[in-house]
Amino acid sequence: MPFSPLSPACLQRPLFALFESVAACDPSALALTDGTDRISFGALRGRALALARQIDAAVPAGAAVAMLLPQSPDAVVGVLACLAASRIALLLNADHPAERNAAILRDSGVAAVIVSDAGSAIALPDGVPRIVPRRDSNRATADDWLRPPTTPDEPAVVLYTSGSTGRPKGIVQSQRATICRALQNLSAQHLNPSDRVVVFSAVCSIAGLISSLAVLLSGAALYQVPVLSIGKALSMVRNERITVLMGLPALLGLLLTSGVPRQALASVRMIRTTGDALLRGDIDAWRKVLPPACHVNITYGLTEVAIAQWFVPRRFASQVASLPAGFPMADQEFAIVGESGEPVADGEPGELVVRSPHVACGEWQDGRCVPGRMQPDPADPARRIFHTGDVVRLLPDGMLRFVARSDRQVRIRGQRVEPAEIEEVLRRSPGVADAAVVARTEDEETTLLAFVVGAGEDLQSALEQRLRQHLPSFMQPAAILVVAALPRLPGGKVDQRALLALATTLPL
């Protein structure tokens, strides 16, 4: 089916109105499935509107509602419903520890929480009701319900990342920025109603949210797969003749190097990677099983802003293990600056700074959106300036290459991790006097090491259990080492190089 791009005028329309326009084209077409529940566009619209009416009755105008749903069709319904009701959606990961989600809810100021089961065990703040989606509400019974208008730059969605203060950080996306990123995704892949797309990322992540919306706005069919369910993904690819795969390179690699027969992938025309750098060795291995005409698209971005993308030519040669991040997005300006803020010479490393109307609105603090690191542009209030913290290099061909972080932040399995959040959990643990977490990179793989000063019987085992209770799996250190004291620099900061050197002398 030929690709039909959406007009830039779509950026001025409410996102749910865009979805309704697509759904009206063919209401009976498959919109969404997890392999069991198959939902048409008409039924998806009906479920979203029914839930929107529940939200509208329970949540005051302008307030926020949290979504605490597993990776399922309900999660997509929940996002669409919040958009339809013009309520800010805080997207939480139901697979993360209950203590972490409860702490976010206490600080977020939400007026309600959408859960899949009224008997959900998670503790909610006093007076905050649960909303359970009614899965039998497939018909669009709310045609006469007038939704309040939403301006494009109002906060629409909040996504949580690891925070440098020791607590999770909520990043606020506007409708305009969310639509822009979805259209970038849709246009790059020429998504169309004949596509059948597997998205590995959860809807509560920026990659999963944008990918899912891009698929739906194109009229294509969205196939949801739980993380690490490689067998289920392989069955979908083979039986449903999937045309596009989106996800982290590590997850895509598990699928493409699982011994899958090449004929099972014959329908795949596009691979889109998100979150992590793609290694040259990975793509060489993938090419051996992918169809010769299959395109590989690399994306580079943060929760706050999309930054770059490109298509890897089949005979692309690279002298380093990781491939370039891509060409900067056309709808934004960027600069690469040194420590004092001056532009660096071409080819020299520096921090990437982005200026765009599609940078995130700000950060969610105490129930409201504040600028945070997304500062308004003095020359144009419609734009924001974001210092990414990523150290990059501009290559002669105009592509960006990621070099490192300018702060302590690292990426583990495509997820942003601030060591300070892990350290905070460790320091609040019985028997611990001090703690430090450092990242170690070997053979392009980054792992976390935790060092604690403390005493107590089975301290390491107790700390491992506490971290599992409070932090998601990607934030778990590979090892916890008990030391007599943390080495420090003359100024008092922890000497991370000394800790890494110490790790080589201690049993892991």
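**Exercise 1. A hairpin to warm up**

In the hairpin of β21 and β22, which residue takes a positive phi?

*Solution.* Start with the ground rules. This is a predicted model, in which local features need pLDDT of at least 70 and side-chain atom pairs count only at pLDDT 80 or more, while totals for chains, interfaces and linings use all residues. Residues are numbered from 1 along each chain as its sequence is written, and side-chain values use heavy atoms, with hydrogens and water left out.

Step 1: find the strands. Helices (H or I, at least four residues) and strands (E, at least two) are DSSP runs, numbered from the N terminus. β21 covers residues 380-394 and β22 residues 400-405.

Step 2: check the pairing. Two strands pair if DSSP finds at least two bridges between them. Here five bridges join β21 to β22, which run antiparallel, and Leu 394 stands opposite Leu 400.

Step 3: look between the strands. The hairpin has five residues there, and Gly 398 takes a positive phi near 95°.

**Exercise 2. Positive phi without glycine**

Describe the surroundings of His 190 and Arg 241, two residues with positive phi.

*Solution.* Step 1: recall the background. Most residues other than glycine have a negative phi.

Step 2: take His 190. Its phi is near 50°, a positive value in a residue other than glycine. His 190 belongs to the loop between α5 and β9. With a relative accessible area of 44%, His 190 is partly exposed (buried means under 20% relative accessible area, exposed over 50%, partly exposed in between, with a 1.4 Å probe and protein chains only).

Step 3: take Arg 241. This residue is not a glycine either, yet has a positive phi of about 50°. Arg 241 sits in the loop between α7 (230-240) and β11 (244-247), and its relative accessibility of 47% makes it partly exposed.

**Exercise 3. Inside the loop before β9**

Is Asp 195 buried or exposed, and which residues does Asp 195 contact?

*Solution.* Step 1: locate it. Asp 195 is in the loop between α5 (175-189) and β9.

Step 2: read the accessibility. The value is 2%, so Asp 195 counts as buried.

Step 3: list the contacts (heavy atoms within 4.5 Å). Leaving aside neighbours within four places in sequence, Asp 195 is in contact with His 190, Ala 220, Ala 221, Thr 243, Val 244 and Arg 269.

**Exercise 4. Build up a sheet around β10**

Work out the partners of strand β10 and its place in the sheet.

*Solution.* Step 1: look at the strand itself. In β10 (residues 221-224), Ala 221 and Tyr 223 point one way and Leu 222 and Gln 224 the other way; all are buried.

Step 2: visit one partner. β1 (residues 30-33) and β10 pair in the parallel sense over two bridges, with Thr 33 opposite Tyr 223.

Step 3: visit another partner. β9 (residues 196-199) runs parallel to β10, joined by four bridges, and Arg 196 stands opposite Ala 221.

Step 4: follow the chain. β9, helix α6 (residues 206-218) and β10 make a right-handed β-α-β unit (with the strands pointing away from the viewer, the path from the first strand over the helix to the second runs clockwise).

Step 5: place β10 in the whole sheet. Nine strands form an open sheet with mixed pairing, in the order β2-β1-β10-β9-β11-β12-β13-β14-β15. At the edges are β2 (38-40) and β15 (327-328), each pairing on one side only. β2 pairs with β1 in the antiparallel sense over three bridges, and Leu 30 stands opposite Ser 40.

**Exercise 5. Two packed helices**

Describe how helices α2 and α3 pack.

*Solution.* Step 1: choose the quantities. Two packed helices are described by the angle between their axes and the distance between the axes. Axes are lines fitted to C-alpha atoms, for helices over the stretch in contact, and angles run from 0 to 180 degrees between N-to-C directions.

Step 2: read them off. α2 (residues 41-58) and α3 (residues 73-84) pack at about 60°, with axes 8 Å apart.

Step 3: classify. α2 and α3 are therefore oblique to each other (under 35 degrees is roughly parallel, over 145 roughly antiparallel, 65 to 115 roughly perpendicular and the rest oblique).

Step 4: name residues at the contact. Among them are Leu 44, Leu 51 and Ile 55 of α2 and Val 77, Leu 80 and Ala 81 of α3.
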